Number of protein chains: 2
Amino acid sequence: MDESKEPVEGKQRDRAKTHDAILAAAKDVLASDGFQGFGVNSVARKAGCDKQLIYRYFGGLEGLVEAIGSDLANWISDAAMAPAIKPSTYSQWVETLLSGYMSALRQNTLVQKISAWEVADNSPLVRQLSKARSIALGRWIAGQRGELAPPEGIDAAATNAILIAAAQHLILASSTLGGFSGLALATDADWARAETALATIIRKVYAE
Amino acid sequence: MDESKEPVEGKQRDRAKTHDAILAAAKDVLASDGFQGFGVNSVARKAGCDKQLIYRYFGGLEGLVEAIGSDLANWISDAAMAPAIKPSTYSQWVETLLSGYMSALRQNTLVQKISAWEVADNSPLVRQLSKARSIALGRWIAGQRGELAPPEGIDAAATNAILIAAAQHLILASSTLGGFSGLALATDADWARAETALATIIRKVYAE
DNA sequence: ATTATTTATCACCAGTCGGTGACATGTGCA
DNA sequence: TGCACATGTCACCGACTGGTGATAAATAAT
């Protein structure tokens, strides 16, 4: 009767399971130790298997990163909930967009790391992850786009890039430094303060 | 007569010169290859000397980084020129402050890298450099501070942190990605556009 | 000229890296 | 049963890393 299909749990020969374990370990190493300590040896160590399997199942580090990239295809759509109310002004639209982006990014530490590496490291592997992140983000924004037009006389594209840059940098800085430029970003109250300030900026900038 | 003190130039035994060559090579490796390829071997290779000398003259990598940190003590004061006209409103003051910070940061690629590493890598060496950068920045801002007060009813500390975060992130992204979020940041015209948008934000936010 | 001392180089260590071939063992099919 | 294959393990390679002790060579002091 011991010939059941899942007897002992764990060390059974199960390609799919080891495959997933390697993938999970890879994401884990990336999120915790960063790109510095990312390699076949460390991933195999954390996955509890031989590194040879990484070459067999993923074709090496490159293929492994590719798999992680595919895994990130919907990182923001999954995390950012749809806005409760449909925005009726351009200012509101930017506000909800930025709020959704921030909440999604704050939930996904791996994407945070990738965003940070984008500007700190231009190795091929990082570029690969960066591309996957960017594509998913672009698709999400495209889906959020409505028919609202920005006020006249303002460079909306540049302004929004500035706002997104600020939001992103605050999140990255909060994870590693706990704040930025004297502004604490640890507790929920801290974040409420930051989001209030950001919302005020948006409203004043896009005031009709 | 050949016993002059600086005869052939170069391969003479000159501790001070080698010391400086190592320091320069270290900054060079950091700025070009990043923290990834930073180590005694690569620095010694670039400096054209034996790595043993790094241990002798700096006490290892840690001391070398420390020396680089001291070298960065006045990075912003040296680069940011004093404002042409003394700002007469809080809005103007923020504008000149941010403008000076941006121009100084854009000129110093090493500090750019350090700023990027701050949020991407929390190794002890990075923290050391980050600290040196932060101290120099804080001293500069303290020196720029005037008696101007922000308008009532606005969280100036949070707002300024947001603005600085945006400026910094745009600069970092421009160096590695050539732009951010669809906004090109390569040519001078690109930067003029970004700075205009930023100035507009500041004026609208801090309008009296 | 003969020491002492500084400056620089070399050879080597143990450890890790990415990568690969040979091998053992469990699983399913004939 | 026996065979073929899939799965997993091990040992090893060359290259690189940080780090150190011994040694050569040039300068300074006597």
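By class, the surface near DNA strand C in this predicted model has five nonpolar, eight polar and six charged residues. Here Ala, Val, Leu, Ile, Met, Phe, Trp, Tyr, Cys and Pro count as nonpolar, Asp, Glu, Lys and Arg as charged, and the others, Gly among them, as polar. For a residue to be near a strand or molecule, its C-beta atom, placed from the backbone, must lie within 6 Å of it. There are 19 residues around DNA strand C, and those that come nearest are Gly39(A), Asn41(A), Arg15(B), Asp50(B) and Gln52(B). Two or more residues each come from α2 (40-47) and α3 (52-58) of chain A and from α1 (15-33) and α3 (52-58) of chain B. The largest share, three residues, belongs to α2(A). Helices are DSSP runs (H or I, at least four residues), as strands are (E, at least two), numbered from the N terminus.

DNA strand D also has 19 residues around it, with Arg15(A), Thr18(A), Asp50(A), Gly39(B) and Asn41(B) nearest. The elements giving two or more residues to this surface are α1 (15-33) and α3 of chain A, along with α2 (40-47) and α3 of chain B.

The class counts and main contributors for the three surfaces are as follows.

| Surface | Nonpolar | Polar | Charged | Element giving the most |
|---|---|---|---|---|
| Near DNA strand C | five residues | eight residues | six residues | α2(A), three residues |
| Near DNA strand D | five residues | eight residues | six residues | α2(B), three residues |
| Side of chain A that touches chain B | 23 residues | ten residues | five residues | α9(A), 15 residues |

Between the protein chains, 38 residues of chain A are in contact with 38 residues of chain B, contact being C-beta atoms, placed from the backbone, within 7 Å. On the chain A side, α7 (109-120), α9 (156-177) and α10 (188-205) each supply at least two residues. Because 100% of the interface residues of chain A are also interface residues in chain B, the copies meet through the same surface.

A turn of 180° with a shift of 0.0 Å along the axis lays chain A on chain B with an RMSD of 0.1 Å. This is the relation of a two-fold axis. The superposition is by least squares on the C-alpha atoms of residues with pLDDT of at least 70 in both copies. Within chain A, the residue closest to the rotation axis is Ala166(A), at 2.0 Å (C-alpha).

Residues are numbered from 1 along each chain as its sequence is written, while chains are lettered from A and ligands numbered from 1 in the order in which they are written. In this predicted model, local features need pLDDT of at least 70 and side-chain atom pairs count only at pLDDT 80 or more, whereas totals for chains, interfaces and linings use all residues.

How values were computed. Two residues are in contact if their C-beta atoms, placed from the backbone, lie within 7 Å.
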